[in-house]
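Trainee: Could you take me through one part of this model closely, beginning with a single strand and working outwards from there? I would like one connected account that I can follow against the coordinates.

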Amino acid sequence: MISAFTGQQIRDAEKPLLDSGEGAVLMQRAAYGLAQEVVRQVKRKRKLTGASVTVLAGKGNNGGDGLFAAAFLARRGMRTTAVLAAPEVHPEALAAFTAAGGRTLRLEPGNAEELAVMCAGDDAIIDALLGTGARGGLRGAAAEMIASLQELRPSLVVACDLPSGLDAGTGEVHWPVLDADVTVTFGGIKAGLMTDPGEGCAGRVELVSIGIEPGLRSVSPELRRLTARDLGRLLPAPDRRAHKYSRGVLGVVAGSARFAGAAVLSVHSAALAGAGMVRYLGPESAARAVLSRTPEALWETGDPGRVQAWVLGPGVDGAEQLRRVGDAAKTAMDTGLPVVVDAGALGALPDRCPPHWILTPHAGELATLLDSLPSLGEIAVTRDDVEARPLHFVRLAAELTGATVLLKGATTLVASPSGVVFSQSEGIAWMATAGSGDVLSGVLGAVVAQSAEEVRDDDGAYAALGLEQADRWAAVAAVAASVHGRAGAEASANFEGGPLTASAIMAGVPRVIGSLAAEYDRPRP
Ligand SMILES: NC(=O)C1=CN([C@@H]2O[C@H](COP(=O)(O)OP(=O)(O)OC[C@H]3O[C@@H](n4cnc5c(N)ncnc54)[C@H](O)[C@@H]3O)[C@@H](O)[C@H]2O)[C@@H](O)CC1
Ligand SMILES: [K+]
């Protein structure tokens, strides 16, 4: 599992080392790691000697890291320029940079655009204006220069610790921000690099260890991300004695006369993701479409009998389907079964949900959901608000509803009601396509139906993540989000990176599950 931290958590971990006089050593390690990454990137394109690099240096320690890194690069034969964005910058770092033969220019009101044009063609730009000590975004000439540079699209931008203007803890972005190709981050990954909109500006994230890592081990991370290895451990696999009823029976209330496709996608995805059996509840026209795609499913017209989990809501429309949603929700609540609540069912939630109810809104649906909660008071929340601060709002929704909330997006966030948040980002932009969410609902339903026992087992794979039982449902949802994202990315790769349909995402699901299980080298059934 990958952990990410707030700027404050990182600073707290640094403090004992700073107090014992090791600040300069930490900075040298950070600067060396940053310089090494620039060397690697530049060497992929040309020889290092004579290549040009500009460091944009702010007044704090972030600027110090950048200047020490540039001094190292100058000694390696690069043509180095520092643009100093403040009258005072880190004195030792500036002295080292000048001694190494670097050229310095001062950013002033009036020369921002000129300097941007001057360095935009460089082989590399290091953004070391603001780090974890930033309050708000870039201002004045620095903001002007970054806005101009962003328009000029430099060939390689390496962010020092985090792109300047990004909030390290929340991922909120104060524009303008210069999009990085690589962010070299020190000591621990900043949470703002693993949640949108910040993650969208950070490029690839490289972690450089500087010696504060032991201090972070006992800290509860702000964000967690499951790796392929975690997924291999967590994904359900039937044992030899399994039968279809023990494997996870999923009830699905989805689709309607108007939106039959949502039911087709949700049910078929659930079957492909390993549900032992899928029971479908819906109108005859949708049921016909479901059964022609998934003859393995059962169409339930009366009491659906035994299920281990429910998916409620994809494509649900009209009073008849909403009644089925209501009935299933009531049974699930009475019997303590886990439920995935999507789309049309999000408007029919009880006042308080348990953590094994997993809501799956996109940003617009989350805004509507929050607006409908009396506990939020008079504050109105819009889709734009959610997109600007997804981490804040997904946590708030989980806290206020009591449910686990999965917020769909380029980076998908899943929050437990106690505030544990997972972030998965395996998907690609082509996945923002009609029906993609229906596929996710089916995959999630299947994973939930098969995982309920493992979640409750205090010696099981979910417990091994170090999570309380109520928080483990967020990990279950993160598993499904990751499978869904990987299936989309792999399907698109099969088309040379071309566009995707929801059906293509769905078709990739069994292979993703199989290869993840193989990666952990787990015996297959
Ligand atoms: N503290 C340490 O031991 C280490 C810190 N490191 C680096 O130090 C950084 C944090 O250093 P700092 O705490 O000095 O913080 P920053 O380098 O982010 O700079 C903060 C400084 O900029 C000013 N400032 C804040 N917001 C501003 C804004 N919007 N516009 C203009 N100026 C603004 C503040 O007054 C402060 O002086 C990290 O991001 C990392 O790069 C690394 O060298 C590793 C070790
Ligand atoms: K920076």
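Mentor: Let us begin with strand E3, which is mostly covered, since five of its six residues are buried. Please keep in mind throughout that this is a predicted model.

E3 spans residues 79–84, and six bridges join it in parallel fashion to E2. One pair that you can pick out is threonine 54, whose bridge partner in E3 is threonine 81. E2, which covers residues 52–57, also pairs with strand E5 (residues 124–128), again in the parallel sense and over five bridges. On that side, valine 53 has alanine 124 of E5 as its bridge partner.

These pairings belong to an open sheet of seven strands, which is ordered E4-E3-E2-E5-E6-E7-E9 and paired in parallel. The edges are taken by strand E4 (103–106) and strand E9 (204–208), and because each has a single partner strand, one side of each is left without a neighbour in the sheet. From one strand to the next, the twist averages 20°. As a general point for reading side chains along such an element, in a regular strand they alternate between the two faces of the sheet.

Two helices can now be placed against these strands. Helix H3, made of residues 61–75, lies across E2, E3, E5 and strand E6 (157–160), and runs at about 160° to E2. Helix H5, made of residues 112–120, lies across E2, E3, E4 and E5, and its angle to E3 is likewise given as about 160°.

H3 also leads us to the ligand, for helix H1 (7–19), helix H2 (23–43) and H3 each supply at least two residues of the shell around ligand 1. There are 27 residues around ligand 1, of which Gly60, Asn61, Asn62, Gly131 and Gly133 come nearest. By residue class, that shell divides into ten nonpolar, eleven polar and six charged. Helix H2 also holds arginine 40, which counts as exposed because 12 other C-beta atoms lie within 10 Å. The C-alpha atom of arginine 40 is separated by 56 Å from that of leucine 298, a residue 258 places away along the chain.

A contrasting environment appears in the loop between E6 and strand E7 (182–186), where alanine 180 is found. Alanine 180 is buried, because 25 other C-beta atoms lie within 10 Å. Leaving aside residues up to four places away in sequence, alanine 180 touches Asp127, Val157, Val158, Ala159, Pro163, Cys201, Ala202 and Gly203. Its C-alpha atom is separated by 9.3 Å from that of isoleucine 125, although their positions lie 55 residues apart in chain numbering. The loop between E6 and E7 also contains proline 176, and the peptide bond that leads to proline 176 from tryptophan 175 is cis, with omega near 0°.

A second cis peptide bond, with omega about 0°, joins aspartate 196 and proline 197, and proline 197 lies in the loop between strand E8 (189–190) and H7. For the backbone as such, most peptide bonds are trans, and most residues other than glycine have a negative phi. With that in mind, look at arginine 153, where phi is near 50°, a positive value in a residue other than glycine. Arginine 153 sits in the loop between helix H6 (140–152) and E6, and it counts as exposed, with 9 C-beta neighbours inside 10 Å. Alanine 343 too has a positive phi, of about 30°, and is placed in the loop between strand E15 (339–341) and strand E16 (357–359). Unlike the exposed arginine, alanine 343 is buried, with 23 other C-beta atoms within 10 Å.

Finally, the wider setting: the domain assignment of the protein chain gives domain 1 as 2–225 and domain 2 as 228–240 + 247–519. Taken over C-alpha atoms, the centres of domain 1 and domain 2 are separated by 38 Å. Where they meet, twelve residues of domain 1 are in contact with 14 residues of domain 2. Helix H7 (198–202) and strand E10 (223–225) each supply at least two residues of the side of domain 1 that touches domain 2, and E10 gives the largest share of that side, three residues. The residues on that side of domain 1 divide into three nonpolar, four polar and five charged.

Technical notes
Residues numbered from 1 in each chain as written. Chains lettered and ligands numbered in written order. Predicted model: local features only at pLDDT ≥ 70, side-chain atom pairs only at ≥ 80, totals over all residues. Pairing = 2+ DSSP bridges. Helix = DSSP H or I, 4+ residues; strand = E, 2+ residues; numbered from the N terminus. Axes fitted to C-alpha atoms, helices over the stretch in contact; angles between N-to-C directions. Contact = placed C-beta atoms within 7 Å. Domains from an automatic or database assignment. Nonpolar A, V, L, I, M, F, W, Y, C, P; charged D, E, K, R; others polar. Near = placed C-beta within 6 Å. Buried ≥ 20, exposed ≤ 12 C-beta atoms within 10 Å, placed from the backbone.
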